[in-house]
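Let's take a walk through this one together, starting with a term we'll need along the way. Have the sequence and the model open as you read.

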Amino acid sequence: GFAQNAEFSSPPLGPVSELVRFDCPAEVRTKWDRAVDVAIGRVLESWIVATRRDKDILLRANGGKRINVIIQPPVGRRYDVDRVKAQRDPGITSVMDLLQIEDDLVFNALVDQCQID
């Protein structure tokens with residue numbers, strides 16, 4: 001796969017759809033499925049890379065097939081969204097509340113690209 005290419009400054013992550021999952025009971029998922037799709041659906045097939053150079057390497061490694069690539073420079077940690085959560089009405093559910101995202105870079109990309117917080 002792409003991740004084995006030693007040219008990358010850090011391995012590409014993706015597609016995003018394989019790196020996020022619902023973190024809620026099935027009945028809650030059914031209720032929110034459409035909203036989550038509207039919020040993040042456009043990036044689910046995207047790959048995440050750290051630099052413009054990594055994007056170029058990924059596109060070249062993909063053999064000319066069209067793929068969406070998000071450049072998300074690593075900051076070494078997950079964004080701190082506690083301030084945003086604290087300002088939100090306690091009765092409001094955000095997309096972030098419904099998803100499990102293990103990788104900090106993927107989390108940060110979804111905050112930046114889709115405002116999941």
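A disulfide is, for our purposes, a pair of cysteine sulfur atoms within 2.5 Å. What you're looking at is a predicted model, where local features need pLDDT of at least 70, side-chain atom pairs count only at pLDDT 80 or more, and totals for chains, interfaces and linings use all residues. Residues are numbered from 1 along each chain as its sequence is written, and side-chain values use heavy atoms, with hydrogens and water left out.

So how many disulfides turn up in a search of the whole structure? Zero. Take Cys 24: its sulfur can't form such a bond because the closest cysteine sulfur, in Cys 114, is 17 Å away, which is too far. Cys 24 is partly exposed, at 22% relative accessibility, while Cys 114 counts as buried at 9% (buried means under 20% relative accessible area, exposed over 50%, partly exposed in between, using a 1.4 Å probe and protein chains only).

Now for the inside. A nonpolar core here is a set of buried Ala, Val, Leu, Ile, Met, Phe, Trp, Tyr and Cys residues joined through side-chain atoms within 4.5 Å. The largest one has 23 residues, and those touching the most other members are Val 20, Ile 40, Ile 101, Leu 110 and Ile 116. At least two residues each come from β1 (20-22), α1 (26-40), α4 (95-98), β4 (99-101) and α5 (104-114). (Helices, H or I with at least four residues, and strands, E with at least two, are DSSP runs numbered from the N terminus.) The biggest giver is α5, with seven residues. Apart from this core lies another, of six residues, including Phe 8, Trp 47, Val 49 and Leu 58.

Next, look at Ser 94, in the loop between α3 (82-87) and α4. Ser 94 is buried, with a relative accessible area of 9%. Setting aside residues within four places in sequence, Ser 94 is in contact (heavy atoms within 4.5 Å) with Arg 88, Ile 116 and Asp 117.

Last stop: Asp 54, in helix α2 (residues 52-61). Which side chain of opposite charge is nearest to Asp 54? That's Arg 53, 4.3 Å away, and buried Asp 54 has no salt bridge. A salt bridge takes a side-chain nitrogen of Lys or Arg within 4 Å of a carboxyl oxygen of Asp or Glu. Beyond its neighbours within four places in sequence, Asp 54 is in contact with Glu 7, Phe 8, Ser 9, Ser 10 and Val 49.

Notes:
Lys and Arg count as positive and Asp and Glu as negative; His and the chain ends are not counted.
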